[in-house]
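Okay, thanks everyone for squeezing in. I'd like to walk you through a pair of chains and how they meet, so let me put it on the screen.

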Number of protein chains: 2
Amino acid sequence: MMEERKELKVNAIENGTVIDHIPTNSVFQVIHMLGLNKYENQILFGTNLESKKYGKKGIIKVNNRFFEPADVNKIALIAPTATLIEIKNFKVVEKKDLDIPDTVSKFVKCVNPNCITNHENVVTRFTVVDKKDVKLQCQYCEKTTAQDNFTFN
Amino acid sequence: MMEERKELKVNAIENGTVIDHIPTNSVFQVIHMLGLNKYENQILFGTNLESKKYGKKGIIKVNNRFFEPADVNKIALIAPTATLIEIKNFKVVEKKDLDIPDTVSKFVKCVNPNCITNHENVVTRFTVVDKKDVKLQCQYCEKTTAQDNFTFN
């Protein structure tokens with residue numbers, strides 16, 4: 001039991017962001033998209049945790065990091081049910097649900113291999129055509145990229 | 001503070017394995033190698049946690065899973081400092097340091113693109129020539145594969 005108890009104190013973060021209510025199958029996608037696999041500060045995560053709201057959920061706690069709106073939009077796209085909780089001095093200072101934006105540019109790649117954005121130096125631009133399952137329609141080639149196919153620039 | 005306190009109870013696992021003292025830069029390699037990114041039971045992990053022994057460490061707690069010797073050998077190769085702690089009914093039933101094996105077969109790919117193991121249906125076989133930095137010498141082509149280059153079959 002010693003070992004288990006010892007870890008408890010690391011669970012609360014002093015300053016940083018908790019990303020809660022992440023769909024379980026998106027936890028590693030969120031981690032990689034935010035580059036947390038290379039982050040040098042303390043991070044705690046859990047997946048397949050019980051959630052009253054969603055059955056199962058994932059959670060990520062990142063020490064000493066507060067996310068910019070661009071990152072928050074990325075999180076919304078792959079984990080639309082997530083809640084962002086900002087913590088300062090061990091206290092919750094802000095709690096926000098995520099809104100999926102109407103348009104997305106730059107960071108998602110178009111699924112169409114023939115799309116101009118995959119061949120020339122053109123920044124991707126999508127219209128969000130489905131906010132529930134998160135589907136993005138390319139403003140250049142009109143092909144739809146679904147969440148499962150998101151790869152990030 | 002509510003939010004933070006609520007999570008504490010999930011930190012102790014009832015039955016399963018804790019992989020402690022993982023080098024911080026190997027945490028995600030261990031997760032992917034063991035297929036934990038697709039595991040459907042509860043998992044908790046932390047990285048860049050403080051460690052008296054090693055400065056910084058990672059930890060992975062996997063519910064309802066006990067690793068077979070083959071998996072334990074894989075863990076030893078990419079996280080030689082790790083300790084495996086088996087938990088039943090919230091109690092530590094076994095605690096073991098990992099030993100790097102003298103030979104490795106099957107699961108690591110040879111770094112040499114011309115090696116026969118990359119072209120024909122031949123199982124890889126390596127001699128562990130350095131146990132500190134973990135280097136594997138191929139028994140077919142004699143090229144050395146270092147830990148940074150491990151890709152798994």
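Before I get to any counts, one bit of vocabulary: when I say polar contact, I mean a pair of N or O atoms within 3.5 Å, and within protein one of them has to be able to donate a hydrogen while the other can accept it. Residues adjacent in sequence only count if both atoms are side-chain atoms. And please keep in mind that this is a predicted model.

With that in hand, between chain A and chain B there are 10 residue pairs in polar contact, with both residues at pLDDT 80 or more. How many salt bridges does the rule find across the interface of chain A and chain B? The number there is 0.

Now, who is doing the touching? On chain A, these elements each bring at least two residues to the side facing chain B: helix 1 (2-8), strand 1 (16-22), helix 2 (27-33), strand 2 (43-51), strand 3 (55-63), strand 4 (83-88) and strand 5 (91-97). Strand 2 of chain A gives the largest share, with 7 residues. If you sort that side of chain A by class, you get 18 nonpolar, 8 polar and 10 charged residues.

As for the extent of it, 36 residues from chain A and 36 residues from chain B take part in the contact. Together the two chains bury about 2,900 Å², and 55% of that is on carbon and sulfur atoms.

Let's go back to strand 2 for a second. Strand 2 of chain A pairs with strand 2 of chain B, residues 43-51, in the antiparallel sense, over 5 bridges. To pick out one spot, T47(A) has I43(B) as its bridge partner in strand 2 of chain B.

Next, symmetry. You can superpose chain A on chain B with a rotation of 180 degrees and 0.0 Å of shift along the axis, at an RMSD of 0.0 Å. That's the relation of a two-fold axis. Which residue of chain A has its C-alpha nearest the axis? That would be F45(A), at 2.6 Å from it. Both copies use the same surface, too: 100% of the contact residues of chain A recur in chain B.

Last, a quick look at chain A on its own. There are 3 helices and 9 strands in chain A, and along the sequence they run α-β-α-β-β-α-β-β-β-β-β-β. Taken along the principal axes, the C-alpha atoms of chain A fill a box of roughly 60 × 30 × 30 Å.

Notes: Residues numbered from 1 in each chain as written. Chains lettered and ligands numbered in written order. Predicted model: local features only at pLDDT ≥ 70, side-chain atom pairs only at ≥ 80, totals over all residues. Heavy atoms only, no water. Contact = heavy atoms within 4.5 Å. Buried area = accessible area lost by both parts, 1.4 Å probe. Salt bridge = Lys/Arg side-chain N within 4 Å of Asp/Glu carboxyl O. Helix = DSSP H or I, 4+ residues; strand = E, 2+ residues; numbered from the N terminus. Nonpolar A, V, L, I, M, F, W, Y, C, P; charged D, E, K, R; others polar. Pairing = 2+ DSSP bridges. Least-squares fit on C-alpha atoms with pLDDT ≥ 70 in both.
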